[in-house]
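The following note is meant for a colleague who is opening this structure for the first time. Its points may be read in order, with the model kept in view.

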Amino acid sequence: MKFIVYNVRDDEIPFIEKWGKDHKIEVKYTTTTLTQETVQEAAGFDGVSCLQTIPYSKELFDAFKKMGIKYLSLRNVGVDNVDLAAAKGNGVQITNVPAYSPESIAEFAVTMALYLSRRVGYMKQQLDQNHQFHFSPNFMGRLISDQTVGIIGTGRIGREAIKLFKGLGANVIAYDKYPQKSTNGQFVYVKDLADIYTKSDIISIHMPATDDNYHQFNHEVFEQMKDTALLINTARGSIVDTNDLMYALQSGEIAGAGIDTIEAETADLQDSRSTKQVSDPDVLKFSMMPNVLITPHSAFHTSESVRNMIDISLSNLMTMVNGEKPKDLVN
């Protein structure tokens with residue numbers, strides 16, 4: 001039994017080597033992005049582990065079948081970039097890691113909310129651009145405890161975010177197509193998303209990307225939101241219309257945004273060894289705005305998350321190769 005791990009970052013290597021040593025299984029790793037052109041590196045291996053937000057295409061799974069590879073274990077939650085029908089048609093079983101560390105992403109969402117609520121971006125702008133370092137009335141922020149936080153999606157990550165916002169004293173409301181049976185008195189479900197849009201001072205998105213929520217946050221929604229509202233997206237970039245968000249921020253329809261996921265993420269975004277200068281015009285514009293905090297899809301990135309993503313992904317491969325059904329099977 002031997003596995004190959006694609007898209008490996010430097011911080012993952014110690015955990016990969018430890019897992020292989022502990023389980024006495026050969027594990028090769030590569031920095032290469034998995035595509036139909038690079039899949040040949042997996043020849044002779046029993047399973048593939050991967051982490052990427054660019055597509056896993058039909059052509060890739062056709063190649064899997066020709067090479068006799070039946071198992072692909074993702075090191076992340078989202079599968080919206082995977083052609084699941086093509087995988088199934090080619091006999092490829094796919095697993096993910098649905099809960100590598102909900103706390104990590106939830107903490108980052110709250111970090112973004114605090115940064116924006118306390119107007120830290122305006123303080124940085126004064127120092128970085130004007131080379132001034134003094135008090136300003138423009139720095140006056142708001143306490144989280146004075147705000148209503150709207151959580152969209154009350155799965156593992158959403159519930160962790162609720163705990164943290166509630167711990168800071170926020171009034172928390174939430175929406176989910178499939179609400180939890182109990183809220184433990186921590187928050188109140190609303191029946192309509194419009195209530196989240198109109199009542200929230202901070203909206204934090206914690207739902208997977210689907211066809212139904214593509215560009216859910218668009219001009220019409222931003223018009224409904226308070227002009228003092230903050231939007232936090234640590235979920236998927238496709239949920240927010242980038243052009244409409246830019247307009248909403250520039251026109252004052254909303255007050256600020258925390259952006260950890262963008263539309264059309266590229267392989268280079270995930271390359272920790274990249275030295276390329278950023279060229280995306282939207283990223284550059286957002287980076288210059290004091291009411292925006294934009295980060296490169298890093299909300300998940302803690303030592304706990306990385307360890308769990310490696311351990312669960314490789315263990316899922318081992319389970320499948322041994323002919324057993326893993327609990328994280330997605331197709």
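1. A residue to begin with is Phe217, which is buried, its relative accessible area being 0%. The model in which it sits is a predicted one, and the remarks below should be read with that in mind. Phe217 forms one aromatic cluster together with Tyr197 and Phe222.

2. A search of the whole structure gives 6 aromatic pairs. In one of them, Phe187 with Tyr189, the ring centres are 5.0 Å apart and the planes stand at 75°, so this pair is edge-to-face. Phe187 has a relative accessibility of 8% and therefore counts as buried, whereas Tyr189, at 21%, is partly exposed. Tyr197 and Phe217 also make an edge-to-face pair, with 5.5 Å from centre to centre and 75° between the planes. Because Tyr197 belongs to helix 7 (residues 193-199) and Phe217 to the loop between strand 9 (202-205) and helix 8 (219-224), this pair ties together parts that lie 20 residues apart in sequence. Tyr197 is itself buried, at 6% relative accessibility.

3. As to the chain in general, its secondary structure amounts to 11 helices and 12 strands. The radius of gyration of the protein chain is 21 Å, which agrees with the value near 20 Å that a compact globule of 331 residues would have. The C-alpha trace spans about 65 × 50 × 35 Å along its principal axes, and 49% of the 331 residues are buried. Of the contacts between residues at least 6 apart in sequence, 69% join residues that are at least 24 apart. The accessible surface of the chain is about 16,200 Å², and carbon and sulfur atoms account for 52% of that surface.

4. How are the strands of the 5-stranded open sheet ordered? The order is 2-1-3-4-5, and the pairing is parallel. Strand 2 (26-29) and strand 5 (93-95) stand at the edges with a single partner strand each, so that one side of each has no neighbour in the sheet. On average, and with direction ignored, neighbouring strands here are turned by 20° against each other. Strand 4 (residues 71-74) runs parallel to strand 5 and is joined to it by 3 bridges, with Leu72 standing opposite Ile94 of strand 5. Helix 1 (residues 13-23) lies across strand 1 (2-5) and strand 2, and its course makes about 160° with strand 2.

5. Another open sheet is built from 7 strands in the order 8-7-6-9-10-11-12, again with parallel pairing. At its edges are strand 8 (188-189) and strand 12 (292-294), and since each has a single partner strand, one side of each is left without a neighbour in the sheet. Strand 9 and strand 10 (residues 230-233) run parallel and are joined by 4 bridges, and Ile203 stands opposite Leu231 in strand 10. Helix 6 (residues 156-167) packs on this sheet, where it touches strand 6 (148-152), strand 7 (171-175) and strand 9, its direction making about 170° with that of strand 6. Helix 9 (residues 242-251) packs on the sheet as well, touching strand 10, strand 11 and strand 12, and its direction makes about 145° with that of strand 11.

6. Two residues deserve a look at their backbone angles. Arg119, although not a glycine, has a positive phi of about 55°; this residue lies in the loop between helix 4 (102-117) and helix 5, and is partly exposed, with a relative accessible area of 26%. Ala264 likewise has a positive phi, near 55°, in a residue other than glycine. Ala264 is placed in the loop between strand 11 (256-259) and helix 10 (281-287), and with a relative accessibility of 72% it counts as exposed.

7. What surrounds Gln126, leaving aside residues up to four places away in sequence? This residue, found in helix 5 (residues 120-130), touches His131, Gln132, Phe133, His134, Ser136 and Phe139. Gln126 has a relative accessibility of 9%, and because residues under 20% are taken as buried, it counts as buried.

Technical notes: Residues numbered from 1 in each chain as written. Predicted model: local features only at pLDDT ≥ 70, side-chain atom pairs only at ≥ 80, totals over all residues. Heavy atoms only, no water. Helix = DSSP H or I, 4+ residues; strand = E, 2+ residues; numbered from the N terminus. Buried < 20%, exposed > 50% of the residue type's maximum accessible area, 1.4 Å probe, protein only. Contact = heavy atoms within 4.5 Å. Pairing = 2+ DSSP bridges. Axes fitted to C-alpha atoms, helices over the stretch in contact; angles between N-to-C directions. Rg over C-alpha atoms; globule rule 2.2 N^0.38 Å. Areas by Shrake-Rupley, 256 points an atom, 1.4 Å probe, with all protein chains shown as cover. Phe/Tyr/Trp six-rings, centres within 6.5 Å; stacked < 30°, edge-to-face > 60°.
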